[in-house]
Each structure stands twice: as structure tokens, then as C-alpha cells.
Amino acid sequence: MDKEKVYIIISKKATIDPEKDLLVEDIAEVYSENESIKKDIEILRLKKKNVEEDWDYITAKDVVEKVLSKYPNIDLDLLGEVETLIEYKSRGKERPFWEFIKVAAVCIVLFFGASLAIINFHEDVNTRKSMEELYYTFTGEKKKNPLLMVIPYCFGIGIGVITFFSRVLSSSKRRQQEPGPMEIELLLYDEDLEKDILNNVKKKKS
């Protein structure tokens, strides 16, 4: 008789309530033609609850051992990641006003930080002198602070930043759905952060 085929796809990261046991369905997707086995494996406990907020990890080998100890006669295929980073985190109460304050504070810091960076850059490269030289080249007239060039340049910086960091101005629907440079940077930051946390957790347990 053929063994029941079961596929388990391991996730890279899982966020679990500290008051809840870690189950297979929390870190993986289970596929099987036998619906009964599939549901049983999904609710198979991998670890007891952690009670406190913390980080942990579990390997694909641990999952295989747990599943095969209960179902030794299945044909198990493991896909996905070789280990999962587990974040034990309680679901906090929603505080919309506090969230608004935090977002506003971050926006203010980013605005003044970006403004200072732009000002310092233009001072370093002596943009004022460059503008005066360009104005003299095009008009043959020497003039300090030529507003005819400075004002369009200032608008150009703003429009350039909006165009580069946003997809709102694009007429293409596909283009509007693409992640912006800032979102990609945040994604890479999250990935690096998770790798570092996983390495630290593994060091503590080794």
C-alpha cells in the first residue's frame, strides 16, 4: 500500500502569541490529499508556550522529527526554509492617537533631516557659484543669486524626489503597484535584522 504523501512548506519567520503553544500551522503550510492527516499535522504541537515576549527558532529537522514521531508511515516532503525565526509577541491594544503622534514625529525628523542634508550638500559643492557661472554662460551677464535659475532648480529637486520615491505620478497601474526605493530599503533592513536576531538566538542556545 502506498504511503500518504504530505508536503510541508516551512516559513522564514512566524509571530506567535506568548500565551499560545507553537503549532505546525504557525510556521508552515501543510498539503495532503488526506484531509484528516493534514488537519492533524497542522495542529501538532512543536513547542510549549513561551509566556514572555522573546525570540526563538526551530529547524526543519525538529519539524520532521515531531511529525514522523506521530505519523511514521507517511511520505513526508519538506520544502521552504531550513529554519524559522519565531517572534513571541503579544497583540498590543490599538492606540490610534499614539500611532498618529509617532508617525508625525518621524515625519518631522525626516523632513528636517533631509532638508539639512540637501542644504549641506549644496554648500559643499558651492551650488550658488555654479548657478552664477551657468547664468553668465547662457546670458553673458554677471549676476549674484540668479533667481531665474535658482527657482526652477528648487522646484526640480522637489519634483525629482517625488517622482523617484513615489509611484503616484505614474499613469501605469503596474508601475503604481511596484514597491518604491524606500520600501525596498526597509525590506532589506528587516531581512538583515532578522538574520542578526536569528544568529544571536542560535549563539545563546549553542
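**Exercise 1. In which helix is Val 161 found, and which residues form the nonpolar patch on the surface?**

Solution. Val 161 is found in helix α6, where helices (H or I, at least four residues) and strands (E, at least two) are DSSP runs numbered from the N terminus. The structure is a predicted model, in which local features need pLDDT of at least 70 and side-chain atom pairs count only at pLDDT 80 or more, while totals for chains, interfaces and linings use all residues. Residues are numbered from 1 along each chain as its sequence is written, and side-chain values use heavy atoms, with hydrogens and water left out.

Next, consider accessibility. Val 161 has a relative accessible area of 40% and is therefore partly exposed, a class that falls between buried (under 20% relative accessible area) and exposed (over 50%), with a 1.4 Å probe and protein chains only.

Then turn to the patch. Together with Phe 164, Phe 165, Met 182 and Leu 186, Val 161 forms a nonpolar patch on the surface, and the accessible area of these residues together is about 500 Å². Patches are made of residues with over 30% relative accessible area and no salt bridge, like charges being joined within 9 Å and nonpolar side chains (Val, Leu, Ile, Met, Phe, Trp, Tyr) within 5 Å. At least two residues of the patch come from each of α6 (147-165) and α8 (181-205), and α6 gives the most, with three residues.

**Exercise 2. How do the axes of α5 and α6 cross?**

Solution. Two packed helices are described by the angle between their axes and the distance between the axes. The axes of α5 (residues 127-139) and α6 come within 9 Å and cross at roughly 125°; axes are lines fitted to C-alpha atoms, for helices over the stretch in contact, and angles run from 0 to 180 degrees between N-to-C directions. The two helices are therefore oblique to each other, since angles under 35 degrees count as roughly parallel, over 145 as roughly antiparallel, 65 to 115 as roughly perpendicular and the rest as oblique.

The loops beside α5 also deserve attention. Asn 126 lies in the loop between α4 (96-124) and α5, and has a positive phi of about 55° although it is not a glycine. Asn 145, which lies in the loop between α5 and α6, likewise has a positive phi, near 50°. Asn 126 is partly exposed at 40% relative accessibility, and Asn 145 is partly exposed at 41%.

**Exercise 3. Which parts of the chain do the salt bridges Asp 21 to Arg 45 and Glu 83 to Lys 202 tie together?**

Solution. A salt bridge is a side-chain nitrogen of Lys or Arg within 4 Å of a carboxyl oxygen of Asp or Glu, and a search of the whole structure finds eleven of them.

Begin with Asp 21 and Arg 45, whose closest N and O atoms are 3.4 Å apart. Asp 21 lies in the loop between β2 (13-16) and β3 (22-23), and Arg 45 in strand β5 (residues 45-47), so this pair ties together parts that are 24 residues apart in sequence.

Continue with Glu 83 and Lys 202, for which the closest N and O atoms are 3.1 Å apart. Because Glu 83 lies in strand β8 (residues 83-88) and Lys 202 in helix α8, this pair ties together parts that are 119 residues apart in sequence. Lys 202 is partly exposed, with a relative accessible area of 28%. Elsewhere, salt bridges that share partners join Lys 5, Asp 75 and Asp 77 into one network.

Methods
Areas by Shrake-Rupley, 256 points an atom, 1.4 Å probe, with all protein chains shown as cover.
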